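Load the model in your viewer and show side chains as sticks. The tour moves from one selection to the next, with rings as the main subject.

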Amino acid sequence: MRKIVFIIILFGSFVHAQEVDKEKEKDIKIATNYTWEGNKELSESNFVNAEANYRRAISKSAENSIAPYNLGNAYYENETYSEAFGRFKQAGENATNKKDKHKAYHNMGNVFMKNKEYQKAVDAYKEALRNDPTDEETRYNLALAKEMLKKQQEEEQKNDQNKDDQSKDDQKDQKDQNKDKNEGDKDEDNKGDQKEDQGDQKEDGDKGEEKKEDNKEGEGDNEEQNDEPYKAEEEKQQQPRPNQLSPQQVKNLLEAMQNEEKKVQEKIDAQKVKGTKIKNEKDW
């Protein structure tokens, strides 16, 4: 009884599997037809209809790798590289043989080259060569991607060095500016100190002048005080001694004597004039 049940279940599974396979084959066939229609529309430059047919083919059978690959090529020709990469990736995942995988990864490498993502391009071309080592076009593209990657890295290093140099120059300029500013502040402080010193010196000078004036006045007072003993001595000398004429009295006496002599001389001169005859005519 158990054997009969097992045979029935096994037969039922086999029948169901056949039905599933038939359904898959039917879907693949329909997807293939949509793919051919898309190819036809694309050859006639009708991108919109071609895209619609490719999408129908993809939705009908996930195992169809040709439709996404062809749709990726259509996007690539229209330079919509992000959409192209997505379809090439889908084609590579759905591919059941190395040949289709090789083509999908090769084209993914081409998209990365367009986007200047050279490291990813190198990886994609390497994967393509793993599936078909005989493809010389992929090998050439790999060598080109490596060369472009090298130049890109050198350029990035150069830019980084320039940034570092620029940063150092900026730091140096900032340091010089701070130094100049500090020196300027120091000069201002020195000028302020000099002005204060000049002010103090001026005050000291004024004080010195005042002191000189005070000293001058003091010297004048001292001179007057010093002259007082001499004046006192002179006055003392001029004062008449007992039984002695004073200088003034002597002076007055001399003047009186001179006046008397003058009068006598005038009388003598008067007598001489009177005795002299005046000539009014010329001697011939």
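UniProt positions are given here in the numbering used for this model, with shortened feature names, and such annotations may be inferred rather than shown by experiment. The model itself is predicted.

Start by selecting residues 102-135, which UniProt lists as "repeat: TPR" in an unreviewed entry. This stretch is 79% helix and 0% strand. Its end C-alpha atoms lie 9 Å apart.

Next, turn to the aromatic rings. Ring centres must lie within 6.5 Å to count as a pair, and four aromatic pairs meet this rule. Select Tyr69 and Phe88. Their ring centres are 5.8 Å apart and the planes meet at 55 degrees, so this pair is classed as tilted. The two residues come from distant parts of the chain, 19 residues apart: Tyr69 belongs to helix 3 (residues 66-77) and Phe88 to helix 4 (residues 81-94).

Switch to a surface view for the same two residues. Are they buried or exposed? The cut-off for buried is under 20% relative accessible area. Tyr69 has 16% relative accessibility, so Tyr69 counts as buried. Phe88 is also buried, at 0%.

Now select Tyr76 and Tyr81. The ring centres of Tyr76 and Tyr81 are 5.4 Å apart with planes at 65 degrees, and the pair is therefore edge-to-face. Tyr81 is buried, with 17% relative accessibility.

Finally, go back to Tyr69 and add Lys103 to the selection. What sits over the ring of Tyr69? The charged end of Lys103 does, 5.3 Å from the ring centre.

Terms used:
Residues are numbered from 1 along each chain as its sequence is written. This is a predicted model: local features need pLDDT of at least 70, side-chain atom pairs count only at pLDDT 80 or more; totals for chains, interfaces and linings use all residues. Side-chain values use heavy atoms; hydrogens and water are left out. Rings of Phe, Tyr and Trp (its six-membered ring) pair if their centres lie within 6.5 Å; planes under 30 degrees apart count as stacked, over 60 as edge-to-face and the rest as tilted. Helices (H or I, at least four residues) and strands (E, at least two) are DSSP runs, numbered from the N terminus. Buried means under 20% relative accessible area, exposed over 50%, partly exposed in between (1.4 Å probe, protein chains only). A charge sits over a ring if NZ of Lys or CZ of Arg is within 6 Å of the ring centre and within 35 degrees of the ring normal.
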